[in-house]
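Student: I should like to understand the terms used for this structure. May we test each one against its definition?

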Amino acid sequence: MSKFIEIKPEEFNVSPFQLIGKDYMLITAEKDGKINTMTAGWGGLGVMWHKNVAYVVIRPQRYTKEFVNGSNTFSLTFFNGNSKKMLGYLGTTSGRDEDKIKKSNLTIIYDNGIPYFKEAVRAIFCKKLFAQDYKPESFIEEEIIDDCYPISDFHTLYIAEITKILIKE
Ligand SMILES: Cc1cc2nc3c(=O)[nH]c(=O)nc-3n(C[C@H](O)[C@H](O)[C@H](O)COP(=O)(O)O)c2cc1C
């Protein structure tokens, strides 16, 4: 299996629209020695407050939210094309009910204390900078509320500094 190498954010030349919106990613964090992960299809990469950042949104009922809230850091991992079934499973089952990581045959490894997965092809390491719950009164396009929040489970937005990017050679 090929090895991870570090690249600079400026060298990251894959479309985030494809990567996040079409191929999906895992958000993984550790709290009290336990790790949880979930599939995410919404989020982005950009620049904020003079820093390279990633942003993700997590609904209140996700078990992973407890882990992201309980840690200063988290990872985003991306997999190759034949991982859709695994990402579907990790995005429909809660870590409250099953040992999802074990069942997915994923191998946890660490970079600077941040858990990620050996089987990934890209990993972005993130340090939390900002968290804010989406509020219904903040929506200018109110249709989004009906469309995305019929049970009012508004996401929390996390903006995090990208501290490292690893890609497989
Ligand atoms: C393709 C896909 C994308 C998803 N994107 C998100 C997302 O961006 N934010 C979110 O809160 N949940 C998202 N989910 C749902 C969570 O992955 C799902 O509820 C998961 O089972 C939560 O697991 P947990 O309870 O172990 O955290 C997505 C699910 C799928 C299948």
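Tutor: In this predicted model, an oxygen atom of the ligand is 2.6 Å from an N or O atom in the side chain of Ser-94.

Student: Why is this pair of Ser-94 and the ligand called a polar contact?

Tutor: A polar contact requires N or O atoms within 3.5 Å. The pair at Ser-94 is 2.6 Å apart, and therefore it qualifies. By the same cut-off, a backbone N or O atom of Thr-39 qualifies, at 2.8 Å from a ligand oxygen. A polar side-chain atom of Arg-62 also qualifies, lying 2.9 Å from a nitrogen atom of the ligand.

Student: How much of the ligand's area does the protein bury?

Tutor: Taken alone, the ligand exposes 640 Å², and the protein buries 85% of that. The space that the ligand takes is the largest pocket.

Student: Which elements give two or more residues to the shell around the ligand?

Tutor: They are strand E3 (34–40), strand E5 (51–58) and helix H2 (63–69). E3 gives the most, with four residues. The shell as a whole divides into eight nonpolar, ten polar and three charged residues.

Student: What makes the aromatic pair of Tyr-63 and Phe-67 edge-to-face?

Tutor: Two values decide the matter. Rings pair if their centres lie within 6.5 Å, and planes over 60 degrees apart count as edge-to-face. The centres of Tyr-63 and Phe-67 are 4.8 Å apart and their planes are at 85°, so both conditions are met. The structure holds eight aromatic pairs.

Student: Where do Tyr-63 and Phe-67 lie?

Tutor: Both belong to helix H2, four residues apart, which is about one turn of the helix. In general, an α-helix has 3.6 residues a turn, so residues three or four places apart point the same way.

Note on methods:
Residues are numbered from 1 along each chain as its sequence is written. This is a predicted model: local features need pLDDT of at least 70, side-chain atom pairs count only at pLDDT 80 or more; totals for chains, interfaces and linings use all residues. Side-chain values use heavy atoms; hydrogens and water are left out. A polar contact is a pair of N or O atoms within 3.5 Å; within protein, one must be able to donate a hydrogen and the other to accept it, and residues adjacent in sequence count only if both atoms are side-chain atoms. Accessible areas come from the Shrake-Rupley method with a 1.4 Å probe; for residues, only the protein chains shown count as cover. On a 1 Å grid over the protein atoms alone, a cavity is a set of points where a 1.4 Å probe fits but cannot get out, and a pocket is an open set with protein on both sides within 12 Å along at least five of seven lines; lining residues have an atom within 4 Å of a point. A molecule sits in a cavity or pocket if more than half of its atoms lie within 2 Å of its grid points. Ala, Val, Leu, Ile, Met, Phe, Trp, Tyr, Cys and Pro count as nonpolar, Asp, Glu, Lys and Arg as charged, and the others, Gly among them, as polar. Rings of Phe, Tyr and Trp (its six-membered ring) pair if their centres lie within 6.5 Å; planes under 30 degrees apart count as stacked, over 60 as edge-to-face and the rest as tilted.
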